[in-house]
Amino acid sequence: MRLEGKVALVTGGGSGIGEGIVRRFAAEGAIVYLGDVDVQSGQAIAAETGARFLSLDVSSSADWARIATDIGASHGQLDILVNNAGVISSQAIDAIEEAAWARVMAVNVTGPMLGCRTAIRMVQAAAAPRALSIINVASTTSFLGLANDVAYTASKHAILGLTRSAAAHCARERLPVRINTLHPGTTLTAILQGHIDENPAMRAVFDGMSPMGRMAAPSEEAAVALFLASDESSYCTGAAFVADGGLTAMHPTM
Ligand SMILES: NC(=O)c1ccc[n+]([C@@H]2O[C@H](COP(=O)([O-])OP(=O)(O)OC[C@H]3O[C@@H](n4cnc5c(N)ncnc54)[C@H](O)[C@@H]3O)[C@@H](O)[C@H]2O)c1
């Protein structure tokens, strides 16, 4: 019960890594809000785990304002925010369409910015502020370029800058707010399972991306998120936590 009584919001909690985080946080005693655009799967995961479903498009400031009002009225503030919702474009630099670029930036960069701003302002407005831990879900693509997805690569680099700036500001202002990035490696979620179902040879490709020779399970990423969400990471802020099976440690050609 490492999160007992803490109020957490997990965006994109209706699938994959976010779902894994919802499951683990609920098992550790947190009051979990699950925000997602996918109402059907979000409500199903919420019903199964005891989480509370919120209809949330992370790129909408109006949605964040509604959530701040609702959670503020019940709990004053959030103790944990996981900015996990993310999308891909699968378009290289010579093919990228402006609408696809804008959508990826809106969900993967503007979304976490709005989430951070909302949660920090809730702390600032609280009569008796509590500690807040924000986890921004990034990627190994924050350090390495995906040739076939320029928007996703740019967005996952940007979330590092967002995290470092916001973490430094909060620490300097002596706000009780820590913000870190979690960088998952190749994780077996619905997107990757879809590729494998279409072409079973892809399993070996995904497994071979890390020197461990296998993909991560969402629960392995959730375990790192749990550490960052809990008070055990009290001196960690503005830092990058990589859980990638050694992918970024390995020389690509030797
Ligand atoms: N799966 C991997 O291998 C991997 C690796 C590195 C990083 N990541 C990152 O982890 C996060 C989760 O990835 P996943 O593989 O679990 O994805 P997923 O597609 O399984 O789940 C993403 C969830 O986000 C929701 N979502 C999409 N747009 C949204 C929006 N605008 N507002 C609210 N919710 C929205 C979807 O409905 C879905 O439930 C993403 O940020 C992704 O970039 C994933």
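The following dialogue explains how to read several features of a predicted model.

User: What should be known about the numbering and the model before reading it?

Analyst: Residues are numbered from 1 along each chain as its sequence is written, and side-chain values use heavy atoms, with hydrogens and water left out. The model is predicted, so that local features need pLDDT of at least 70 and side-chain atom pairs count only at pLDDT 80 or more, while totals for chains, interfaces and linings use all residues.

User: Which residues come nearest to the ligand?

Analyst: A residue is near a molecule if one of its heavy atoms lies within 4 Å of it. There are 28 residues around the ligand here, and those that come nearest are Ser 15, Ile 17, Asp 36, Asn 84 and Tyr 152. By class, the shell holds twelve nonpolar, eleven polar and five charged residues. In that division, Ala, Val, Leu, Ile, Met, Phe, Trp, Tyr, Cys and Pro count as nonpolar, Asp, Glu, Lys and Arg as charged, and the others, Gly among them, as polar.

User: Which atoms of Ser 15, Asp 36 and Leu 56 approach the ligand?

Analyst: A polar contact is a pair of N or O atoms within 3.5 Å; within protein, one must be able to donate a hydrogen and the other to accept it, and residues adjacent in sequence count only if both atoms are side-chain atoms. Ser 15 places a polar side-chain atom 2.6 Å from an oxygen atom of the ligand. In Asp 36, an N or O atom of the side chain is 2.6 Å from a ligand oxygen atom. Leu 56 contributes a backbone N or O atom, 3.3 Å from a nitrogen atom of the ligand. On its own the ligand has 830 Å² of accessible area, of which the protein covers 90%; such areas come from the Shrake-Rupley method with a 1.4 Å probe, and for residues only the protein chains shown count as cover.

User: Which elements give two or more residues to the shell around the ligand?

Analyst: Helices (H or I, at least four residues) and strands (E, at least two) are DSSP runs, numbered from the N terminus. The elements concerned are α1 (16–27), α4 (98–125) and α5 (150–172).

User: Where are Ser 90 and Arg 174 found, and what is the phi of each?

Analyst: Most residues other than glycine have a negative phi. Ser 90, in the loop between β4 (80–83) and α4, has a positive phi of about 55°. Arg 174, in the loop between α5 and β6 (177–184), has a positive phi near 60°.

User: Is Arg 174 buried or exposed, and how is Gln 77 classed?

Analyst: Buried means under 20% relative accessible area, exposed over 50%, and partly exposed in between (1.4 Å probe, protein chains only). Arg 174 is exposed because its relative accessible area is 69%. Gln 77 has a relative accessible area of 1% and is therefore buried. Gln 77 lies in the loop between α3 (61–75) and β4, and its side chain reaches the backbone nitrogen of Arg 130 at 2.7 Å.

User: How far apart in space are Gly 16 and Ala 217?

Analyst: Their C-alpha atoms are separated by 9.0 Å, although the two residues are 201 residues apart along the chain. Gly 16 lies in helix α1 and is buried, because its relative accessible area is 15%.
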